[in-house]
Amino acid sequence: MTQQQEKKMNKREFLFLYDAKDCIPNGDPFTGEQRYDEDTQQALVSDVRLKRYIRDFIDDNENDEVWLTKTSDKVFYSDKTGKKTTGMRASEVSPKAENVDNLQDLKNKCIDVRLFGTVVAGNSKKSAEYNTQATGAVQFKLFNRTLNKVFLPTTQNTSIMVSKDGNEQGSMATFSFMPYGLFSCIGYFNPTTGTENNINENDLEKMKIALWNEINLKNTRSKTGQQSRLLIEIEYKDDYYKIPDIEYSITLKDEKKFKYRQFDDIKDDLDFTKLSDFLNRSEELISTVKIYIDEFSFAKNFLSVDEILKSKVQYFAIKGKEIKEL
């Protein structure tokens, strides 16, 4: 069954703030240490990490037939399928057959293929596998930075590994962690690719719900201590327009370098003046501005905009798997 797109959707930009306390939000795959820009003293989180949050939440809720559709909301890059090449996974989800467009079939069945794309590298020696690729309709910035400067203190832990029966050996490991950082993350939705991938509003809604919740709920040792704070979705009338440098539109008035330890410490230093100015000056090219807030962190109508833009601004809260207008 082909997922039907109701109408061509508009271009979107997403500005997402979440914070992390006493954890490792995005470790380097080789060292396990938090990604870090030593020149700017900002912590980094990659687009791959953000997409993984979204995939994991959807995958963990695969049996929720009220929220997800089994025929169209599979996760292609699932952690539950074991170690498989993309070619093996593709042949499992969409077996080769006559008169079947396998790439379109993968898009129809897998929400993460529609959202983020895929590269399938099949083994030519295996008749069931094939090669194909698709560009995702949603992309996040390659690396997203903390608004505040952070330092990464080191600490130690101990472990005991059993090498053979009756022979135990203790060891010590040194690692670093991030005391506090508020990340500013950027995402883009391309409506042309969205049309090619049969993206609809439900897909984007599930993506927002998944990202927001998974960051709050992730309970691994390195990720516990994170909280979604704010998500701003700007929908444009003009597919060619883009507010420049929107990731720098939220700034710190008087940064207390290395002193922040919780959101309450940094909240009063957040400055939305530049963001308000960007939005006000772009009013004619904006269709809507949807603002999703953690109600313990921000109040409705906290963002000051001109009267002409106010009618286009809506406030929401993500409550479980539902989005409630405030």
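The largest pocket of this predicted model holds about 270 Å³ of space. It is lined by 15 residues, and those closest to its centre are Ile24, Asn157, Phe175, Arg221 and Ser222. Three elements each give two or more residues to the lining: strand E1 (12-23), strand E8 (154-164) and strand E9 (167-176). The largest share, three residues, comes from E9. By class, the lining of the largest pocket has seven polar, five nonpolar and three charged residues.

Besides the pocket, there are enclosed spaces to consider. The structure holds two cavities of 30 Å³ or more. The largest cavity has a volume of about 70 Å³. Its lining consists of Phe14, Phe16, Leu50, Phe140, Cys185, Ile186, Gly187, Met207, Lys208, Leu211 and Leu231. Here the elements that give two or more residues are E1, strand E10 (178-189) and H6. Strand E1 thus appears in this list as it does in the corresponding list for the largest pocket. Nine of the residues that line the largest cavity are nonpolar, one is polar and one is charged.

The second largest cavity has about 50 Å³ of space. Around this cavity stand Asn148, Lys149, Val150, Phe151, Pro179, Tyr180, Lys256, Phe258, Lys259, Tyr260 and Arg261. Its lining divides into six nonpolar, one polar and four charged residues.

Two of the residues that line the largest cavity, Phe16 and Cys185, can be followed further. Cys185 is buried, with a relative accessible area of 1%. The closest cysteine sulfur to that of Cys185 belongs to Cys23, but it is 13 Å away, so the two are too far apart for a bond. A disulfide would need the sulfur atoms within 2.5 Å; by this rule the structure has zero disulfides. Cys110 is another buried cysteine, at 0% relative accessibility.

Phe16 leads to the aromatic rings. A search of the whole structure finds 14 aromatic pairs. In one of them, Phe16 and Trp212 are tilted, with 6.3 Å from centre to centre and 50 degrees between the planes. Because Phe16 lies in strand E1 and Trp212 in helix H6 (residues 201-217), this pair ties together parts that are 196 residues apart in sequence. Both partners are buried: Phe16 has a relative accessible area of 3%, and Trp212 is at 5% relative accessibility.

A second pair, Phe57 and Trp67, is edge-to-face, at 5.6 Å centre to centre and 80 degrees between the planes. Phe57 belongs to helix H1 (residues 47-60) and Trp67 to the loop between H1 and helix H2 (86-93), so the parts tied together by this pair are ten residues apart in sequence. Phe57 and Trp67 are buried. Elsewhere, ring pairs link Phe263, Phe272, Phe298, Phe302 and Tyr315 into a cluster.

Helix H8 covers residues 273-281, and its buried residues are Leu275, Ser276, Phe278, Leu279 and Asn280. An α-helix has 3.6 residues a turn, so residues three or four places apart point the same way. The buried residues of H8 pack against E1, strand E11 (226-236), strand E14 (286-293) and helix H9 (307-310). E1 is therefore a partner of H8, as well as the strand that holds Phe16.

Two loop positions can be set side by side. Glu284 sits in the loop between H8 and E14. This residue counts as exposed, at 67% relative accessibility. The C-alpha atoms of Glu284 and Tyr236 are 9.1 Å apart in space, while the two residues are 48 residues apart in sequence.

Ser94 is also in a loop, the one between H2 and helix H3 (102-109). Is Ser94 buried or exposed? Ser94 is buried, with a relative accessible area of 0%. Apart from neighbours within four places in sequence, Ser94 is in contact with Val100, Asn102, Asp105, Leu106, Lys109 and Tyr130.

Terms used
Residues numbered from 1 in each chain as written. Predicted model: local features only at pLDDT ≥ 70, side-chain atom pairs only at ≥ 80, totals over all residues. Heavy atoms only, no water. Buried < 20%, exposed > 50% of the residue type's maximum accessible area, 1.4 Å probe, protein only. 1 Å grid on protein atoms, 1.4 Å probe; cavity = no way out; pocket = protein on both sides within 12 Å on 5 of 7 lines; lining within 4 Å. Points joined across faces, edges and corners; volume = space filled by probe spheres on them. Helix = DSSP H or I, 4+ residues; strand = E, 2+ residues; numbered from the N terminus. Nonpolar A, V, L, I, M, F, W, Y, C, P; charged D, E, K, R; others polar. Contact = heavy atoms within 4.5 Å. Phe/Tyr/Trp six-rings, centres within 6.5 Å; stacked < 30°, edge-to-face > 60°.
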